[in-house]
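Let's take a walk through the open and enclosed spaces of a protein that comes with a ligand. Have your viewer ready as you read.

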Amino acid sequence: MTTTTAIAATSLAADDDLESVNPPGDPLGTSAARTRSAALEAQLARDPGRFRVLTGDRPTGRLHLGHYFGTLHNRVRLQELGTEVFVLIADYQVLTDRDVADHLAEHVENLVLDYLAIGIDPARSTIFTHSAVPALNQLLLPFLSLVSVAELGRNPTVKDEIAHSRQSSVSGLMFTYPAHQAADILFCKADLVPVGQDQLPHLELTRTIARRFNDRYGNGTSVFPEPDALLSAAPLLLGTDGTKMSKSRGNAIALSAGADETARLIRGAKTDAERQISYDPVGRPEVSSLVLLAALCLDRDPRQLADEIGGAGAAALKSTVIEAVNEYLAPIRARREQLAQDRGHIRRILREGNERAQAVAETTLDEVRSAMNSRY
Ligand code: TRP
């Protein structure tokens with residue numbers, strides 16, 4: 001079979017479905033990704049310098065404790081292990097589900113502040129934005145040629161976002177952003193992408209695009225690696241209303257919140273009628289999430305902590321949580337406040353990160369042009 005027909009057979013077959021490769025009951029392939037992540041963690045511990053990590057956030061508001069214990073903490077851990085880390089502020093992706101980029105510049109600055117405050121070190125890690133790296137964005141064009149409209153339409157995370165979107169119609173950007181996300185990951189040839197399970201379909205698409213590009217244009221070599229998702233064992237923190245902590249639900253505790261505001265939010269958090277405190281995430285999600293939050297801040301076992309509070313009830317639990325969170329966040333908040341005094345410094349760090357990312361993207365784009373025979 002020639003390369004061209006091999007591509008035709010793999011890329012445009014109607015049943016080449018991202019969902020169908022995963023077992024029923026696990027449409028995102030979480031179970032396989034967990035097993036793979038454990039193996040990758042073992043390799044990371046042995047040889048952290050072998051990997052390049054890329055992660056990103058949409059700049060839609062301030063980062064909160066759910067982000068912190070879900071992903072941010074892990075990025076700092078990877079950086080400290082000695083792995084090269086790229087942190088993308090995905091400003092174009094904000095436009096997938098809203099018409100106006102209100103306060104975008106402010107959100108971008110706040111994200112940089114949050115990153116620096118939690119310990120992302122710009123001397124070792126690269127912080128950058130989509131819109132400042134044209135060579136990254138250009139990769140989107142060849143990448144879009146490698147995926148079918150049907151495949152884009154079957155992405156379960158995009159489907160879910162469309163279903164929950166407040167927009168009256170679905171934009172082309174919403175439909176195609178996972179291919180753009182492939183460019184985010186592949187421009188720097190990242191091989192590890194720490195994400196939550198909702199991002200697994202995007203990683204699957206990224207791998208597909210890398211494979212198809214290599215098959216079609218690689219001439220026997222591989223231009224792009226096939227990156228892996230790194231699912232962290234991160235616990236799910238609930239917001240103060242007992243649903244998933246999220247900036248859009250107004251139930252989040254921001255890293256930048258003051259100590260008093262934090263206390264007020266935690267005092268108002270939903271609990272249940274039972275006085276005895278226990279750690280039972282399935283049976284008592286709200287109480288358990290509070291116990292977990294304190295345990296994470298104190299680096300304690302949540303069960304033991306719950307037993308210690310025992311019959312003292314929800315008010316005692318909340319006092320423990322408030323103290324633990326405020327103590328844990330105190331140095332982060334102090335650092336954030338200090339950094340916020342010098343906006344010029346923040347902008348400089350971003351400009352340097354953008355320049356670094358653009359240089360890396362140019363090199364990759366050059367390789368892509370060579371592979372595609374489009375060097376004129
Ligand atoms: N889609 C991610 C989110 O909504 C953000 C993101 C954009 C991202 N590009 C990325 C995450 C590349 C990991 C890798 O949170």
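What follows goes from the ligand to the pocket around it and then on to the cavities.

This is a predicted model, in which local features need pLDDT of at least 70 and side-chain atom pairs count only at pLDDT 80 or more, while totals for chains, interfaces and linings use all residues. Residues are numbered from 1 along each chain as its sequence is written, and side-chain values use heavy atoms, with hydrogens and water left out.

Start with the ligand. Its shell takes in residues with a heavy atom within 4 Å of the ligand, and these are Leu-54, Gly-56, Arg-58, Leu-88, Ala-90, Gln-93, Gln-181, Asp-184, Ile-185, Val-193, Val-195 and Gln-199. Sorted by class, the shell holds 6 nonpolar, 4 polar and 2 charged residues. Here Ala, Val, Leu, Ile, Met, Phe, Trp, Tyr, Cys and Pro count as nonpolar, Asp, Glu, Lys and Arg as charged, and the others, Gly among them, as polar.

Three glutamines deserve a closer look for their polar contacts (pairs of N or O atoms within 3.5 Å). The side chain of Gln-93 places an N or O atom 2.8 Å from a ligand nitrogen. For Gln-181, the distance from a polar side-chain atom to a nitrogen of the ligand is 3.0 Å, and Gln-199 likewise has a polar side-chain atom 3.0 Å from a ligand nitrogen. On its own the ligand would expose 360 Å², of which the protein buries 88%; these areas come from the Shrake-Rupley method with a 1.4 Å probe.

Which elements build this shell? Strand E1 (52-57), helix H9 (172-186) and strand E4 (192-195) each give at least two residues, and H9 has the largest share, with 3 residues. Helices (H or I, at least four residues) and strands (E, at least two) are DSSP runs, numbered from the N terminus.

Now widen the view: the ligand occupies the space of the largest pocket. On a 1 Å grid over the protein atoms alone, a pocket is an open set of points with protein on both sides within 12 Å along at least five of seven lines, a cavity is a set where a 1.4 Å probe fits but cannot get out, and lining residues have an atom within 4 Å of a point. A molecule sits in one of these if more than half of its atoms lie within 2 Å of its grid points.

The largest pocket contains about 2000 Å³ of space. Its lining numbers 50 residues, and His-67, Glu-161, Asp-198, Gln-199 and Lys-244 are the closest to the centre. By class, the lining comprises 17 nonpolar, 19 polar and 14 charged residues.

Finally, turn to the enclosed spaces, where the count is 3 cavities of 30 Å³ or more. The largest cavity has about 120 Å³ of space. Among its 15 lining residues, Leu-238, Gly-239, Thr-240, Ser-289 and Leu-290 lie nearest the centre, and helix H12 (residues 285-298) gives the largest share, 4 residues.

The second largest cavity has a volume of about 40 Å³. Its lining consists of Pro-122, Ser-125, Thr-126, Ile-127, Ile-349, Glu-352, Gly-353 and Arg-356. Strand E3 (125-129) and helix H15 (343-371) each contribute two or more of these residues, with H15 giving the largest share, 4 residues.

Conventions:
Polar contact = N/O pair within 3.5 Å; in protein donor to acceptor, adjacent residues only side chain to side chain. Points joined across faces, edges and corners; volume = space filled by probe spheres on them.
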